[in-house]
Amino acid sequence: MQEYEWIAPCHFGTEAVCKREIIKLGYKITEVEDGKVTFSGGIDAMCRANMFLRTAERILLKIASFEAVTYDELFEKTKSIPWEEFLPRQGRFWVKKANSVKSKLFSPSDIQSIMKKAMVERMKLHYHVSWFPEDGEDYPLRVTIIKDKVTIGLDTTGTSLHKRGYRKWTVKAPVTETLAAALIMLTPWKWDRYLIDPFCGSGTIPIEAAMIGANIAPGMNRDFLSENWTGIRTGFAYKRALEEARDVIKRDNPCVIQGYDIDGECIRMAMANAKLAGVDDCIHFQRKPLRELSSHKKYGFIITNPPYGERLEDIDGVKKIYSEMGEVFCNFETWSKYIITAFDGAERCIGKKADKNRKLYNGMIKTYFLQYIGPKPVNNRS
């Protein structure tokens with residue numbers, strides 16, 4: 001079986017979780033960089049990664065990596081790549097996205113145009129034609145140039161992996177499904193532990209937790225761009241990955257997950273999304289303001305994405321929410337609390353310094369993952 005290198009981009013700060021997921025699937029890590037993890041494996045690795053990885057944004061086939069400091073050099077080195085091994089004659093191929101950081105080649109549009117021309121020239125030589133109809137499957141490429149090092153990846157995923165297919169309704173400023181999964185996986189939470197999200201919004205954190213608890217693969221109910229490729233045959237491998245995903249579901253794990261929000265419309269959206277995800281029986285959603293949050297259980301987890309204010313005039317309201325959170329948390333002294341926020345005054349308003357403060361990026365927004373770690377329970381169900 002031919003081995004390839006695959007790139008799994010992820011949110012900055014979640015690389016360790018993504019790496020752990022890939023190792024669990026049985027593949028060898030070849031490199032870990034800011035915002036991406038590279039691993040090796042055959043076609044099955046691509047299909048299973050798309051199907052099972054909860055924290056990756058997409059899976060790229062690493063086509064090549066080389067140094068280039070001039071556009072002529074970029075053209076010639078791109079042209080030397082055996083594109084015919086990846087792209088069929090009828091395929092539609094283009095550089096969908098180009099990023100450049102601290103490099104002499106810095107214009108995304110020029111990079112895209114020059115590389116496309118180089119690819120066409122190479123394909124002309126192999127297929128002995130002067131024109132390509134490009135009316136077949138899509139083969140989009142993503143290129144990054146960092147300190148003059150060019151890395152070319154062929155996108156096998158298409159629509160980002162955070163699109164699981166269940167979030168038909170959403171609210172303002174949600175965390176993505178991939179980031180929500182990463183937040184949960186950065187904690188010791190397991191399916192047999194209580195979990196509450198007091199700012200559940202459209203339900204992403206509780207739903208991702210329920211899917212983790214039931215071992216439901218995040219890619220089960222969606223399509224992938226590479227499923228029908230003819231340049232690289234993937235159909236049978238995807239079929240096996242889906243069969244595996246169905247086989248490993250654990251419906252007998254009785255998760256106890258609760259999602260609350262002050263907005264009744266959010267609760268309706270969350271319930272509808274949970275039903276689409278097939279985990280509505282695992283989660284209790286209810287309209288409830290933060291000040292009424294309580295539990296008779298001694299141990300558990302609070303994992304949440306509270307409002308953090310996007311405009312200056314929101315700050316007073318945000319401070320009030322975090323102060324109230326600190327007061328409510330006094331009733332959850334033995335629980336572990338995990339909060340993602342972009343509000344840098346969160347700890348001060350809560351009234352307690354976090355045991356750990358991990359920096360993460362929610363898109364381009366710098367956030368803090370505050371971790372208030374409670375004692376280990378004597379009994380998980382207590």
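1. Strand β1, residues 4-9, is mostly covered in this predicted model. Five of the six residues in β1 are buried.

2. The pairing of β1 involves two partners. Strand β3, residues 36-41, runs antiparallel to β1 and is joined to it by six bridges. Strand β4, residues 60-67, is also antiparallel to β1, and here two bridges make the connection. Trp6 can serve as a reference point when inspecting both pairings: Phe39 stands opposite Trp6 in β3, and Leu61 is the bridge partner of Trp6 in β4.

3. The largest nonpolar core contains 94 residues. Within this core, Ile63, Ile152 and Val279 touch the most other members. If residues up to four places away in sequence are set aside, Ile63 touches Ile81, Trp83, Phe86, Leu141, Ile152 and Leu154. A second core, separate from the largest one, has 24 residues, among them Tyr260, Tyr322, Ile339 and Tyr368. As background, nonpolar side chains in soluble globular proteins tend to be buried together.

4. Which secondary structure elements does the protein contain? The secondary structure comes to ten helices and 14 strands. The radius of gyration is 23 Å, close to the 21 Å that the globule rule gives for 382 residues, so the protein is as compact as a globular protein of that length. Along the principal axes, the C-alpha trace spans about 75 × 45 × 35 Å.

5. Burial and contacts may be considered for the protein as a whole. Of the 382 residues, 54% are buried. Among contacts between residues at least 6 apart in sequence, 77% join residues at least 24 apart. The accessible surface comes to about 18000 Å², and carbon and sulfur atoms account for 51% of that surface.

6. How many disulfides are there? The count comes to zero. For Cys47, the nearest cysteine sulfur belongs to Cys18 and is 17 Å away, and Cys47 is in no disulfide. Cys47 counts as buried because its relative accessibility is 0%. Cys255 is likewise in no disulfide, the nearest cysteine sulfur being that of Cys282, at 5.2 Å. Since a pair of cysteine sulfur atoms must lie within 2.5 Å to be counted, the 5.2 Å between the sulfurs of Cys255 and Cys282 does not qualify. Cys255 is also buried, with a relative accessible area of 11%.

7. Two residues deserve a check of their backbone angles. Lys102 has a phi near 55°, a positive value in a residue other than glycine. This lysine, Lys102, is placed in the loop between β5 (92-101) and α4 (108-127). Is Lys102 buried or exposed? With a relative accessible area of 68%, Lys102 is exposed.

8. Glu134 is the other residue to inspect, with a positive phi of about 50° although it is not a glycine. The position of Glu134 is in the loop between α4 and β6 (138-146). Glu134 is partly exposed, its relative accessible area being 23%.

Methods: Residues are numbered from 1 along each chain as its sequence is written. This is a predicted model: local features need pLDDT of at least 70, side-chain atom pairs count only at pLDDT 80 or more; totals for chains, interfaces and linings use all residues. Side-chain values use heavy atoms; hydrogens and water are left out. A nonpolar core is a set of buried Ala, Val, Leu, Ile, Met, Phe, Trp, Tyr and Cys residues joined through side-chain atoms within 4.5 Å. Buried means under 20% relative accessible area, exposed over 50%, partly exposed in between (1.4 Å probe, protein chains only). Contact means heavy atoms within 4.5 Å. Helices (H or I, at least four residues) and strands (E, at least two) are DSSP runs, numbered from the N terminus. Two strands pair if DSSP finds at least two bridges between them. The radius of gyration is taken over C-alpha atoms; the globule rule is 2.2 Å times the number of residues to the power 0.38. Accessible areas come from the Shrake-Rupley method with a 1.4 Å probe; for residues, only the protein chains shown count as cover.
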